[in-house]
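Trainee: I'm new to reading protein models, so could we go through this one together?
Mentor: Sure, pull up a chair and ask away.

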Amino acid sequence: MERRERADAARNRQAILRAAEELLREHPPEQVSVERVAVAAGVGKGTVFHRFGSRIGLMQELMAERALALREAATEGPPPLGPGAPPRERLVAFLDAVVALATRNAGLMAAHEHAIATSRSGPRQTNPIYVFWHAHVSALIAEARPDVDAELIGHVLLGTLHMEPISDMLRAGDGGRLAAGLDELVTGLLREGAG
């Protein structure tokens with residue numbers, strides 16, 4: 001009997017996350033309530049609260065799940081995103097993947113940003129997703145250019161994702177333009193002979 005409850009709980013969790021993601025694709029984040037997610041997932045509102053604690057918890061969990069695949073690709077996947085490629089190629093591939101994730105999940109990114117801003121979990125730079133992204137970007141910059149402030153440049157590159165004009169661009173589906181701009185910045189910064 002206990003195994004069935006675990007399977008049901010896992011199925012409910014996936015249904016809730018899938019429903020939240022679909023609603024965020026179709027509606028502005030402020031219109032995606034726990035009640036609406038519960039109805040779309042075919043579960044009670046209490047199930048959502050029991051599983052995720054709050055709307056903020058739901059958005060953070062959904063973002064963490066989407067970011068996990070990127071983390072695994074960057075740490076264990078094939079090059080150029082994974083180990084084995086030169087730092088510049090890895091950094092370009094990683095930023096391209098971040099932009100692709102942000103473009104596919106623009107509503108989720110906005111909801112996640114709002115969740116971070118309104119929660120008591122601390123500032124963005126302490127969020128586990130941001131901590132990994134920043135550490136990875138900074139390490140690749142430092143490997144290629146030990147003469148620059150890699151920590152600061154990492155914040156600058158990732159910080160662009162949180163600027164309103166960039167968020168608007170991502171919501172409009174124009175991630176390619178952002179990816180191209182970031183590629184230009186990285187290529188200029190890490191080109192051979194720079195520094």
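**A walk through the model**

Mentor: Let's start at one residue: His136 sits in helix 7, which covers residues 128-144. Keep in mind that this is a predicted model.

Trainee: Is His136 buried or exposed?
Mentor: The cut-off for buried is under 20% relative accessible area. His136 has a relative accessible area of 10%, so His136 counts as buried.

Trainee: Leaving aside neighbours within four places in sequence, which residues is His136 in contact with?
Mentor: Contact here means heavy atoms within 4.5 Å. With the neighbours within four places in sequence set aside, the partners of His136 are Ala74, Arg90 and Phe94.

Trainee: Phe94 sounds worth a look. How many aromatic pairs does the structure hold?
Mentor: Phe94 is in one of them, with Phe132 as its partner. Counting through the structure, the number of aromatic pairs is two.

Trainee: What kind of pair do Phe94 and Phe132 form?
Mentor: Their rings are 6.4 Å apart, centre to centre, with 75 degrees between the planes. Planes over 60 degrees apart get a particular label. For Phe94 and Phe132, that label is edge-to-face.

Trainee: How many residues apart in sequence are the parts that this pair ties together?
Mentor: Phe94 belongs to helix 5 and Phe132 to helix 7, so the pair ties together two parts of the chain. In sequence, those parts are 38 residues apart.

Trainee: And why is the pair of Phe94 and Trp133 called edge-to-face?
Mentor: The ring centres of Phe94 and Trp133 are 6.4 Å apart. Their planes are at 85 degrees, and anything over 60 degrees counts as edge-to-face. That pair links distant parts of the chain too, with Phe94 in helix 5 and Trp133 in helix 7. So the reason for the name is the angle, 85 degrees.

Trainee: Which residues form the aromatic cluster?
Mentor: Phe94 pairs with Phe132, and Phe94 also pairs with Trp133. Put together, one aromatic cluster is made of Phe94, Phe132 and Trp133.

Trainee: What is the relative accessible area of Phe94?
Mentor: Let's go round the cluster. Phe132 counts as buried at 14%, and Trp133 is buried at 6%. Phe94 is buried as well, and its relative accessible area is 0%.

Trainee: Let's zoom out. How many helices and strands does the protein chain have?
Mentor: Read along the sequence, the pattern is α-α-α-α-α-α-α-α-α-α. That comes to ten helices and zero strands.

Trainee: What share of the contacts with a separation of 6 or more comes from residues 24 or more positions apart?
Mentor: The aromatic pair of Phe94 and Trp133 already links parts of the chain 39 residues apart. For the protein chain, residues 24 or more positions apart account for a share of 62%.

Trainee: What percentage of the protein chain's residues count as buried?
Mentor: The chain has 195 residues. Going by the cut-off of under 20% relative accessible area, the buried part of the chain is 42%.

Trainee: Now a loop. Which residue does Pro80 share a cis peptide bond with?
Mentor: Pro80 is in the loop between helix 4 and helix 5. The cis bond there has an omega of about 10 degrees. The residue joined to Pro80 by that bond is Pro79.

Trainee: Asn105 is in a loop as well. Is Asn105 buried or exposed?
Mentor: The loop in question runs between helix 5 and helix 6. Not counting residues up to four places away in sequence, Asn105 touches Glu21 and Arg66. Its relative accessible area is 6%, so Asn105 is buried.

Trainee: How far apart are the C-alpha atoms of Thr103 and Met169?
Mentor: Thr103 is in helix 5 and is partly exposed at 23% relative accessible area. Leaving aside neighbours within four places in sequence, Thr103 is in contact with Leu170, Gly173 and Gly175. Thr103 and Met169 are 66 residues apart along the chain, and their C-alpha atoms are separated by 8.6 Å.

Trainee: Last one: how much space lies in the second largest pocket?
Mentor: Its lining has six nonpolar, four polar and four charged residues. The space in that pocket is about 170 Å³.

Technical notes
Residues are numbered from 1 along each chain as its sequence is written. This is a predicted model: local features need pLDDT of at least 70, side-chain atom pairs count only at pLDDT 80 or more; totals for chains, interfaces and linings use all residues. Side-chain values use heavy atoms; hydrogens and water are left out. On a 1 Å grid over the protein atoms alone, a cavity is a set of points where a 1.4 Å probe fits but cannot get out, and a pocket is an open set with protein on both sides within 12 Å along at least five of seven lines; lining residues have an atom within 4 Å of a point. Grid points are joined across faces, edges and corners, and a volume is the space filled by probe spheres set on the points. Ala, Val, Leu, Ile, Met, Phe, Trp, Tyr, Cys and Pro count as nonpolar, Asp, Glu, Lys and Arg as charged, and the others, Gly among them, as polar. Helices (H or I, at least four residues) and strands (E, at least two) are DSSP runs, numbered from the N terminus. Buried means under 20% relative accessible area, exposed over 50%, partly exposed in between (1.4 Å probe, protein chains only). Rings of Phe, Tyr and Trp (its six-membered ring) pair if their centres lie within 6.5 Å; planes under 30 degrees apart count as stacked, over 60 as edge-to-face and the rest as tilted.
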